[in-house]
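Trainee: Please take me closely through one part of this structure, and then explain how the parts beside it are arranged. I should be grateful for each term to be defined as it arises.

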Amino acid sequence: MASNAIPTGILWRKSSYSGDQGGDCVEVAEASPTIAIRDSKTPAGPILTLDPAAFTTFVNWTTTTAE
């Protein structure tokens with residue numbers, strides 16, 4: 001059963017493609033057993049959590065769609 005709890009005490013990482021000028025950036029964090037994703041411009045906003053397999057699918061989709 002999924003939880004709606006907001007993960008706390010986790011280390012967020014921003015994409016290495018993100019610059020210091022803002023823009024469209026996301027942050028990810030390991031929130032065992034899931035991967036948490038949030039908008040870096042709205043850190044208190046909604047958080048998407050995915051299991052590792054779904055996260056891999058998401059990353060693969062974004063890299064092929066961005067080309």
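Mentor: Strands β2 and β3 form a hairpin, with two residues between them. Helices (H or I, at least four residues) and strands (E, at least two) are DSSP runs, numbered from the N terminus. This is a predicted model, in which local features need pLDDT of at least 70 and side-chain atom pairs count only at pLDDT 80 or more, while totals for chains, interfaces and linings use all residues. Residues are numbered from 1 along each chain as its sequence is written, and side-chain values use heavy atoms, with hydrogens and water left out.

In the hairpin, β2 comprises residues 26-31 and β3 residues 34-39. The two strands pair in the antiparallel sense over six bridges; pairing requires that DSSP find at least two bridges between two strands. One bridge joins V26 to D39 in β3.

The hairpin belongs to an open sheet of four strands, ordered β1-β2-β3-β4 and paired antiparallel. Because β1 (13-14) and β4 (47-50) stand at the edges, each with a single partner strand, one side of each lacks a neighbour in the sheet. The partner of β1 is β2, and the two pair in the antiparallel sense over two bridges. There, R13 stands opposite V28 in β2.

V28 also belongs to the largest nonpolar core, which has five residues, the others being I35, I37, L50 and F55. Such a core is a set of buried Ala, Val, Leu, Ile, Met, Phe, Trp, Tyr and Cys residues joined through side-chain atoms within 4.5 Å. In soluble globular proteins, nonpolar side chains tend to be buried together. I37 is in contact (heavy atoms within 4.5 Å) with W12, V26, E27, V28, P46, I47, L48, L50, F55 and F58, leaving aside its neighbours within four places in sequence.

Two loop residues deserve attention next. C25 lies in the loop between β1 and β2, and its C-alpha atom is separated by 7.3 Å from that of K14, eleven residues apart along the chain. C25 counts as buried because its relative accessibility is 8%; buried means under 20% relative accessible area, exposed over 50%, and partly exposed in between (1.4 Å probe, protein chains only). S40 is found in the loop between β3 and β4 and, at 16% relative accessibility, also counts as buried. Apart from neighbours within four places in sequence, S40 is in contact with K14, C25, V26 and E27.

Finally, let us turn to the helix. The elements of the chain run β-β-β-β-α from the N terminus, and helix α1 (residues 52-65) contains F58. F58 counts as partly exposed because its relative accessibility is 33%. Together with V59 and W61, F58 forms a nonpolar patch on the surface, with about 280 Å² of accessible area. Patches are made of residues with over 30% relative accessible area and no salt bridge (a side-chain nitrogen of Lys or Arg within 4 Å of a carboxyl oxygen of Asp or Glu), like charges being joined within 9 Å and nonpolar side chains (Val, Leu, Ile, Met, Phe, Trp, Tyr) within 5 Å. Accessible areas come from the Shrake-Rupley method with a 1.4 Å probe; for residues, only the protein chains shown count as cover.
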